[in-house]
Amino acid sequence: MIWSKAESAPREVIEETQTRRLKETASRVYAINPFYKKKFDELGLLPEDIKSIDDIQQLPFTKKQDLRDHYPFGLFCVPMNQVVRIHSSSGTTGKPTVVGYNDHDMSVWAEVMARVYTMSGTNADDVVHNGYGYGLFTGGLGFHYGAEHVGATVVPASGGFTDRQLMLMKDFGATILACTPSFALHMAEVAKKAGSDFRKDYKLKSGIFGAEPTSPGMKAEVAKIWGINYHEVYGLSEIIGPGVSCSCAHSDRLHIFEDHFLAEIIDPKTGEAMPDGQRGELVITTLTKQALPIIRYRTGDITSIIKEPCKCGRTHSRMESIVGRADDMLIVNGVNIYPSQVEHVIANSKGVTLNYQIVADKKGHLDKLEVLVEISDDILMDSVGEMEKIKKDIQASLLNNLYINANVKLVEPRSIERSVGKAVRVIDKRK
Ligand code: DLL
């Protein structure tokens with residue numbers, strides 16, 4: 001089932017809608033917000049210069065730093081008495097980025113999340129176990145309102161308290177699991193240790209996972225352990241939260257809700273547009289947001305987009321699952337690597353689990369990389385020969401596939417710290 005007719009509109013209709021909404025958005029931000037007016041003026045650009053979606057390339061980029069520089073509400077385009085919700089990203093350094101929504105934005109968010117749920121087969125008969133964190137993070141409440149919009153029963157579990165979450169999932173008969181992939185794997189580990197029979201104890205049929213880069217191997221593992229269909233959702237607070245795009249039953253790629261978000265792929269170094277299908281940085285312009293419309297937001301996420309029709313009947317273009325973040329990319333002795341590539345190697349290795357951490361450091365002038373990986377429960381730490389073989393195999397695989405010379409250190413099961421939200425995969429001691 002498809003939630004909205006807009007998802008299967010002919011390409012001309014999608015582009016007409018985008019053009020109309022892009023013009024409206026450019027006019028609004030120029031008229032209302034001094035930040036945008038200044039940027040347009042510096043480029044000698046007027047909103048009426050935007051005549052088609054191709055003209056988007058004339059518009060200025062917006063960066064995370066721009067939101068920080070105008071902390072907290074400087075980029076808002078409605079008076080505060082119309083703002084009904086605030087969220088913010090967890091700023092690891094300095095001030096967080098703050099985002100706001102008016103009533104209209106809240107209904108757009110519920111609409112796109114209803115599309116996500118419908119794409120993963122959720123309807124009013126379902127019980128959604130929502131393990132995304134509630135609070136300033138957009139995950140919990142974004143998934144919450146979308147579930148209510150499709151009429152499902154939502155269990156607002158939030159993050160943490162793994163044992164209690166497992167009990168609720170079992171007792172309330174959850175059929176849909178929504179949480180980060182790393183938390184889904186963590187819950188599976190705990191359930192397995194407690195002797196659960198996944199097929200018998202749980203009624204789950206689908207999971208909607210996102211918020212962190214995840215390799216195909218990790219997705220396959222989560223789907224296999226829980227015995228569910230894996231759907232991936234992508235989004236970011238600055239644009240709306242979860243609900244920018246989602247994968248359907250027919251493709252690993254994620255349909256972008258193009259009537260609300262105009263997506264481009266650019267070369268992160270030059271800012272030039274990349275051809276369809278080629279990887280680069282995802283840039284998004286909101287087309288219907290009112291409290292915080294954003295022009296050409298540099299997401300920092302690396303992906304590619306194709307427009308080919310999909311078997312599911314949706315015509316919205318599809319983005320590849322995020323390969324990594326431009327700023328998450330590690331350069332180790334000149335070789336570029338993303339954590340998800342390392343994860344893919346680990347997922348295809350024997351005797352280990354998908355709990356890992358990458359530690360980059362310096363030794364003299366050279367970079368040195370250590371990959372900590374937890375061994376599986378069935379491997380004995382004192383069987384030296386077996387441990388040595390596992391370690392050598394992973395090292396060889398990292399070298400052959402990613403051209404990196406890493407030291408692999410096998411560690412005991414459950415010894416790498418778990419996070420309740422997004423997993424911490426990289427520790428870069430060189431910074
Ligand atoms: O993570 C929104 C979200 C919540 C998405 C729940 C999906 C599910 P932020 O905290 O602002 O918002 O973080 C946004 O997370 O730029 C990506 O780098 C990363 N991210 C989000 N979804 C995915 C995904 C939420 N499916 C940042 N794959 C984004 C890879 C993702 N990375």
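The structure holds one cavity of 30 Å³ or more. Keep in mind that this is a predicted model. Besides that cavity, there's a ligand with 22 residues around it and a second largest pocket of about 560 Å³ to look at. Here's a quick tour.

**The largest cavity**

- Inside the largest cavity you'll find about 140 Å³ of space.
- Its lining is made of 13 residues, and those nearest the centre are Glu417, Arg418, Ser419, Ala423 and Arg425.
- Sorted by class, that lining has five nonpolar, five polar and three charged residues.
- Two of the elements to look for here are α7 (181-193) and β18 (352-363), each of which hands at least two residues to the lining of the largest cavity.
- Domain 1 (1-325) and domain 2 (330-428) both chip in, with at least three residues each in the lining of the largest cavity.

**The second largest pocket**

- The second largest pocket comes in at a volume of about 560 Å³. It is lined by 26 residues, with Thr214, Ser215, Pro216, Lys219 and Ser321 closest to its centre.
- At least two lining residues apiece come from α9 (216-226), β7, α10 (339-347) and α11 (384-402).
- Go through the lining of the second largest pocket by class and you get twelve polar, eight nonpolar and six charged residues.
- Why does this pocket lie between domain 1 (1-325) and domain 2 (330-428)? Because both domains give residues to its lining.

**The ligand and its shell**

- Glu232, Val233, Ser237, Asp301 and Lys422 come nearest to the ligand, out of the 22 residues around it.
- Ten residues of the shell around the ligand are nonpolar, while six are polar and six are charged.
- β7 gives the largest share of that shell, with five residues.

**Contacts with the ligand**

- Glutamate 232 has a polar side-chain atom 2.8 Å from a nitrogen atom of the ligand.
- At alanine 211 it's a polar backbone atom that sits 3.1 Å from a nitrogen atom of the ligand.
- For serine 237, a polar side-chain atom is 2.4 Å from an oxygen atom of the ligand.
- On its own, the ligand has 600 Å² of accessible area, and the protein covers 92% of that.
- Which elements give two or more residues to the shell around the ligand? They are α5 (138-149), β7 (229-236) and β8 (241-247).

Methods: Residues are numbered from 1 along each chain as its sequence is written. This is a predicted model: local features need pLDDT of at least 70, side-chain atom pairs count only at pLDDT 80 or more; totals for chains, interfaces and linings use all residues. Side-chain values use heavy atoms; hydrogens and water are left out. A residue is near a molecule or strand if one of its heavy atoms lies within 4 Å of it. A polar contact is a pair of N or O atoms within 3.5 Å; within protein, one must be able to donate a hydrogen and the other to accept it, and residues adjacent in sequence count only if both atoms are side-chain atoms. Accessible areas come from the Shrake-Rupley method with a 1.4 Å probe; for residues, only the protein chains shown count as cover. Helices (H or I, at least four residues) and strands (E, at least two) are DSSP runs, numbered from the N terminus. Ala, Val, Leu, Ile, Met, Phe, Trp, Tyr, Cys and Pro count as nonpolar, Asp, Glu, Lys and Arg as charged, and the others, Gly among them, as polar. On a 1 Å grid over the protein atoms alone, a cavity is a set of points where a 1.4 Å probe fits but cannot get out, and a pocket is an open set with protein on both sides within 12 Å along at least five of seven lines; lining residues have an atom within 4 Å of a point. Grid points are joined across faces, edges and corners, and a volume is the space filled by probe spheres set on the points. Domain bounds come from an automatic or database domain assignment.
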